Amino acid sequence: MTPRIPKAELPTELRENLIKQLGAVPEPLEVVFNNPEVALSNQEFSAKVGAWNAADESLKTFAHMAVAAQVGCSWCLDINYFMALNRNLDLTKASQVPRWREADVFTPLERDVLEYAEAMTNTPTTVTDELSARLLERLGPAALVELTLFIGFANLSTRSNTAHGITSQGYSDVCELPPATRPAQSRAASTV
């Protein structure tokens, strides 16, 4: 699918650095670069979000993938699967995030995090006191705050990408396992 907004030309140095890091320029950045101030602010914030370290990296990656699966952002699933490979995360688990309820590879904590990500993504949100209390007990306040804001950022990213018509760019093609697809009928659903 072609993005709904044409891609803008990036500065040469930025383009070259992205190709060196990722093998290709991310289409979301090319689209957002139609407004360089917004694009650079988003890049700065993304870098700061990526530097947070109170919550486990795999929990945050899987949470982002759960949001992407629910919203339908194939680009975010694609890049996060690729990032899971490059961060040496469990690819079997990463590949099963879209069908986490049916998969038997996740720990109870990972299941709670995936449920939390979906509950935050629902409209309106469906986070329960019980789920929040379980996560608070296991993660502590700092990590739960970080995870919550990380999931909020994942919603910003996934919803922006889908609104712009951005789809998978093929980053995950280098991974050993193909990502699973989300079941047709999921218990998590947006209600609008």
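Begin by selecting Asn-88, which comes just after helix α5 and takes a positive phi of about 55 degrees. Keep in mind from here on that this is a predicted model. Asn-88 sits in the loop between α5 and α6, and the positive phi is found here in a residue other than glycine. Is Asn-88 buried or exposed? With a relative accessible area of 70%, Asn-88 lies over the 50% cut-off and is therefore exposed.

**Back along helix α5**

Now step back from Asn-88 and select residues 74-86, which form helix α5. If you have a distance tool, try it on the C-alpha atoms at the two ends of α5, which are 18 Å apart; at 1.5 Å a residue the 13 residues of this helix should span 18 Å, so the two values agree. Colour the buried residues of α5 next: these are Trp-75, Cys-76, Leu-77, Asp-78, Ile-79, Asn-80, Tyr-81, Phe-82 and Ala-84. What do the buried residues of α5 pack against? Show α1 (12-22), α2 (27-32), α4, α6 (91-96) and α9, and you will have the helices they pack against on the screen.

**Thr-61, a residue of α4**

From α5, move to Thr-61, which is found in helix α4. Its relative accessible area is 1%, and since buried means under 20%, Thr-61 counts as buried. Leaving out residues up to four places away in sequence, Thr-61 touches Asn-80, Ala-84, Arg-87 and Leu-89. Two of these names will be familiar, as Asn-80 and Ala-84 are among the buried residues of α5.

**Where α4 meets α9**

Keep α4 (residues 57-71) on display and add α9 (residues 141-163) beside it. Two packed helices are described by the angle between their axes and the distance between the axes. For α4 and α9 the angle is about 35 degrees and the axes are 9 Å apart, while the crossing is right-handed. To see the contact itself, show the side chains of Leu-59, Lys-60, Ala-63, His-64, Val-67, Ala-68 and Val-71 on the α4 side; they meet a set of α9 residues that includes Leu-147, Phe-150, Ile-151, Ala-154 and Thr-158. Sorted by class, the contact between the two helices has nine nonpolar, five polar and three charged residues.

**Along α9**

Now follow α9 from one end to the other. Its end C-alpha atoms are 33 Å apart, and because 23 residues at 1.5 Å a residue should span 33 Å, the helix agrees with the expected value. The buried residues of α9 include Ala-143, Leu-144, Phe-153, Ser-157 and Asn-161. Which helices cover the buried residues of α9? Among those to display are α2, α3 (36-51), α4, α5, α7 and α8. Just after α9, stop at Gly-165, which takes a positive phi of about 75 degrees.

**Into the core**

Return to α9 and select Ile-151, one of its buried residues. Apart from neighbours within four places in sequence, Ile-151 is in contact with Ala-63, Val-67, Tyr-116, Ala-117 and Met-120. Ile-151 and Tyr-116 are the residues with the most contacts inside the largest nonpolar core, which has 38 residues. At least two residues of this core come from each of α4, α5, α6, α7 (108-121), α8 (129-139) and α9, and α4 gives the most, with eight residues. There is also a second, separate core of seven residues, and Ala-8, Leu-18, Val-25 and Ala-39 are among them.

**Ala-8, before α1**

Select Ala-8 from that second core, and you will find it in the segment before α1. Ala-8 counts as buried, at 14% relative accessibility. With neighbours within four places in sequence left aside, Ala-8 is in contact with Glu-30, Phe-33 and Asn-34. Leu-29 is 21 residues away from Ala-8 along the chain, and the C-alpha atoms of the two are separated by 8.6 Å.

**The loop between α7 and α8**

For the last stop, go to Pro-124, in the loop between α7 and α8. Look at the peptide bond from Thr-123 to Pro-124, which is cis, with omega near -5 degrees. Thr-126 lies in the loop between α7 and α8 as well, and at 41% relative accessibility it counts as partly exposed. Finally, draw a line from the C-alpha of Thr-126 to that of Ala-142: these residues are 16 apart in sequence and 21 Å apart in space.

Notes
Residues numbered from 1 in each chain as written. Predicted model: local features only at pLDDT ≥ 70, side-chain atom pairs only at ≥ 80, totals over all residues. Heavy atoms only, no water. Axes fitted to C-alpha atoms, helices over the stretch in contact; angles between N-to-C directions. Helix = DSSP H or I, 4+ residues; strand = E, 2+ residues; numbered from the N terminus. Left-handed = near helix turned anticlockwise from the far one by under 90°. Contact = heavy atoms within 4.5 Å. Nonpolar A, V, L, I, M, F, W, Y, C, P; charged D, E, K, R; others polar. Expected span 1.5 Å × (residues − 1). Buried < 20%, exposed > 50% of the residue type's maximum accessible area, 1.4 Å probe, protein only. Core = buried A, V, L, I, M, F, W, Y, C linked by side-chain atoms within 4.5 Å.
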